[in-house]
Amino acid sequence: MQPPTGVTELCRRLGEHRGRELRLMPYPLAVPGPFGVWFETDDFDVIAFQSETSRAHQDHIVLHEVGHIVAGHGGDSTPAEDEEVLPDIPTSGALRRLRRTCYDATNEREAELIASILGEGMGLISGSATTARASLVDSSLDIRPGWWR
């Protein structure tokens, strides 16, 4: 299997691999504020991302949130904080949230690195995806064939 050719396909594969659907939701997030938010419900995951930016930036935002999922980072926000960021999203106790606005935390740097590695491997950063780039992603992230390719 080849590496995914787009962020939507990558998220579909990751959801299948984890046994949890991963839904992408463009949303006009308030500025200043986070560009992306990962919600984990009892049944599925949601990545809400800034709808008011370029497609390339949206792809990177989603890959950053995927980085948190792949790295196993947990939620850190409260329902009140989430209500402020995404007022249309229910803040029931069934949600686990991960929201960030800066890169000084180790988990933020990890997620950003993973996003860059995935973007490079998919050819989003420097052209088209190749087998050599996919192999670099495999070795960099210690990914076993499955959701990646």
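Helices (H or I, at least four residues) and strands (E, at least two) are DSSP runs, numbered from the N terminus. In the predicted model shown here, Pro 32 accordingly belongs to neither kind of run, as its place is in the loop between β1 (21–27) and β2 (36–40).

**Figure 1. Overall arrangement of the predicted protein chain.** The secondary structure comprises five helices and four strands. Along the sequence, these elements follow the pattern α-β-β-β-α-α-β-α-α. Of the 149 residues in the chain, 44% are buried. Where contacts link residues at least 6 apart in sequence, 54% of them join residues at least 24 apart. The average pLDDT of the chain is 77, and 63% of the residues score at least 70. Over residues 93–99 the pLDDT stays under 50; for this stretch the model has 39 contacts beyond four places in sequence.

**Figure 2. The largest nonpolar core, with 17 residues.** Leu 22, Val 62, Leu 63 and Val 66 have the most contacts inside this core. Two or more residues are given to the core by each of α1 (7–18), β3 (44–50), α2 (55–71) and α4 (106–121). Helix α2 supplies the largest share, namely five residues. In soluble globular proteins, nonpolar side chains tend to be buried together.

**Figure 3. Surroundings of Leu 22.** Residues up to four places away in sequence are left out of this view's contact list. Beyond them, Leu 22 touches Cys 11, Leu 14 and Gly 15, as well as Asp 45, Val 46 and Ile 47. The remaining partners of Leu 22 are Val 66 and Ile 69.

**Figure 4. Ile 69 in helix α2.** The relative accessible area of Ile 69 is 7%, so this residue is buried, the cut-off being under 20%. Apart from neighbours within four places in sequence, Ile 69 is in contact with Leu 14, Arg 18, Leu 22, Trp 38 and Ile 47. One of these partners, Leu 14, is 55 residues away from Ile 69 in sequence; the C-alpha to C-alpha distance for this pair is 9.3 Å.

**Figure 5. Packing of helix α2 with helix α4.** The two helices pack at an angle of about 115°, and their axes are 7 Å apart. The crossing of α2 past α4 is right-handed. On the α2 side, the contact involves His 60, Leu 63, His 64, Val 66, Gly 67, His 68 and Ala 71. These residues meet Asn 107, Glu 108, Glu 110, Ala 111, Glu 112, Ile 114, Ala 115, Ser 116, Leu 118 and Gly 119 of α4. Classified by residue type, the contact has seven nonpolar, seven polar and three charged residues.

**Figure 6. Ile 114 in helix α4.** With a relative accessible area of 9%, Ile 114 falls under the 20% cut-off and is therefore buried. Ile 114 and Leu 63 are 51 residues apart along the chain, and their C-alpha atoms are separated by 7.6 Å. Both residues are listed in the contact of α2 with α4, Leu 63 in α2 and Ile 114 in α4.

**Figure 7. The cis peptide bond between Val 31 and Pro 32.** The omega angle of this bond is about 0°. Most peptide bonds are trans. Pro 32 is placed in the loop between β1 and β2.

**Figure 8. Ser 51 in the loop between β3 and α2.** Ser 51 has a relative accessible area of 25% and is partly exposed. Not counting residues up to four places away in sequence, Ser 51 touches Pro 26, Tyr 27, Pro 28 and Gln 58. The C-alpha atoms of Ser 51 and Phe 35 are separated by 9.0 Å, and these two residues are 16 residues apart along the chain.

**Figure 9. Ile 125 in the loop between α4 and α5 (131–141).** Leaving aside residues up to four places away in sequence, Ile 125 touches Ser 116, Gly 119 and Glu 120. His 60 is 65 residues from Ile 125 along the chain; the separation of their C-alpha atoms is 9.5 Å.

Note on methods. Residues are numbered from 1 along each chain as its sequence is written. This is a predicted model: local features need pLDDT of at least 70, side-chain atom pairs count only at pLDDT 80 or more; totals for chains, interfaces and linings use all residues. Side-chain values use heavy atoms; hydrogens and water are left out. A nonpolar core is a set of buried Ala, Val, Leu, Ile, Met, Phe, Trp, Tyr and Cys residues joined through side-chain atoms within 4.5 Å. Buried means under 20% relative accessible area, exposed over 50%, partly exposed in between (1.4 Å probe, protein chains only). Contact means heavy atoms within 4.5 Å. pLDDT is the predictor's confidence in each residue, from 0 to 100. Axes are lines fitted to C-alpha atoms, for helices over the stretch in contact, and angles run from 0 to 180 degrees between N-to-C directions. A crossing is left-handed if the near helix is turned anticlockwise from the far one by less than a right angle, and right-handed if clockwise. Ala, Val, Leu, Ile, Met, Phe, Trp, Tyr, Cys and Pro count as nonpolar, Asp, Glu, Lys and Arg as charged, and the others, Gly among them, as polar.
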